[in-house]
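Take a moment to look over the sequence and the 3D structure below. Then let us walk through it together, one region at a time.

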Amino acid sequence: MMDKKEFNESKSFKSNIGFYIALTICIVTIAAAAWTTYGSVAEYNGQVSETTSLPSENLEVNNDVSGQDYESSVLSEVSPVEQSSQMKITEEESIAESSVSEVSRTISEPVEENSKDTTPRPPFENCTIIKKFSPNSPVKSNTTSDWRTHRGIDIAAKSGEAVHAMRNGTVKSIYNDTMLGNVVCIEHVGGYTAYYCGLTDSPNVKEGDLVYAGDTVGYVGTVPLEMLDESHIHVEVQKNGEYIDPVKIFSK
């Protein structure tokens, strides 16, 4: 039978064993939890690593998704700023096209009496007629030495001097006549057709041009039929198919 001292030692030993068992269980539990957490973190890092470190040579673009090449798709993407700029440019081009259309429409319309300055004026500022209009009474020609009618007027001018349009109009034709030289034909407002004859071969207008009274149409050259007369131009005017005195369309 144990005495009191042996009983107390036995009781103390059992208490110590229980404490160490409980401590061991706690340590094992903590270690297991730590290992589990470490395994999860390692697995997650491995997945991230696989995702972010794929070799570029293994990447392939699936062009079937968009129906066009990858580079084309990337280049076709436009930022909002670029889209705004393109829209602005498109709008400006539209305005410019409208302006061009308006100009074309204006040019295609006949010149009216009330457009710009419609005041009739002679072909030269200082107009000196050296041979008058004579459609019925023949006059002698210094060049051909014969007598013939004169369907226009001859206006003295220096060689190379600018010749001005007598009224607003449209250039109908430009041609060379063996008798009258280089001719610019203009359909003037009011139903007049004027022939500016004896010009140089470098007119200041072209067929279809709109001209206004006072605009330069050409420069003084030579009238072959009247080449022995002093330097001048020959002007003829028709209305309703009949020749009229050119003075009537520019005199005030």
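What follows is a short tour, from the overall picture to some single residues and a pocket.

Keep in mind that this is a predicted model. The protein has 252 residues, and 25% of them count as buried. Its secondary structure consists of four helices and 12 strands. How do the contacts spread along the sequence? Among contacts between residues at least 6 apart in sequence, 63% join residues at least 24 apart. The accessible surface comes to about 17400 Å², and carbon and sulfur atoms account for 55% of it.

Let us begin with strand S6, which covers residues 169–177. Which way does S6 run relative to strand S7? The two pair in the antiparallel sense, and eight bridges link S6 to S7, residues 181–188. Together S6 and S7 form a hairpin, with three residues between them. To see one of the bridges for yourself, find Asn176, whose bridge partner in S7 is Asn182. S6 also has an antiparallel partner in strand S9, residues 210–211, joined to it by two bridges. Here Thr170 is matched with Leu210 of S9.

Within S6 you can also find Ser173. Is Ser173 buried or exposed? Buried means under 20% relative accessible area, so Ser173, at 19%, counts as buried. Leaving aside residues up to four places away in sequence, Ser173 touches Val183, Val184, Cys185 and Glu207.

One of those contacts, Cys185, leads us to the cysteines. Cys185 is buried, with a relative accessible area of 2%. How many disulfides does a search of the whole structure find? The search finds zero. As a reminder, a disulfide is a covalent bond between the sulfur atoms of two cysteines. For Cys185, the closest cysteine sulfur belongs to Cys197 and is 9.1 Å away, which is too far for a bond. Seen from the other side, Cys197 is in no disulfide, and the nearest cysteine sulfur is that of Cys185. Cys197 counts as buried too, because its relative accessibility is 1%.

Now let us turn to the backbone in two loops. Most residues other than glycine have a negative phi. Ser145 has a positive phi, near 60°, although this residue is not a glycine. You will find Ser145 in the loop between strand S2 (134–140) and strand S3 (147–150). With a relative accessibility of 54%, Ser145 counts as exposed. Asn240 is another non-glycine residue with a positive phi, about 55°. Its loop lies between strand S11 (232–239) and strand S12 (242–244). Asn240 counts as exposed, since its relative accessibility is 73%.

Our last stop is the largest pocket, which holds about 230 Å³ of space. Which residues lie nearest its centre? They are Arg148, Thr149, His150, Leu225 and Glu226, out of a lining of 14 residues. Some strands from the loop discussion return here: S2, S3 and S11 each supply at least two residues of the lining. The largest share comes from S3, with three residues.

Technical notes. Residues numbered from 1 in each chain as written. Predicted model: local features only at pLDDT ≥ 70, side-chain atom pairs only at ≥ 80, totals over all residues. Heavy atoms only, no water. Buried < 20%, exposed > 50% of the residue type's maximum accessible area, 1.4 Å probe, protein only. Contact = heavy atoms within 4.5 Å. Areas by Shrake-Rupley, 256 points an atom, 1.4 Å probe, with all protein chains shown as cover. Pairing = 2+ DSSP bridges. Disulfide = S-S within 2.5 Å. 1 Å grid on protein atoms, 1.4 Å probe; cavity = no way out; pocket = protein on both sides within 12 Å on 5 of 7 lines; lining within 4 Å. Points joined across faces, edges and corners; volume = space filled by probe spheres on them.
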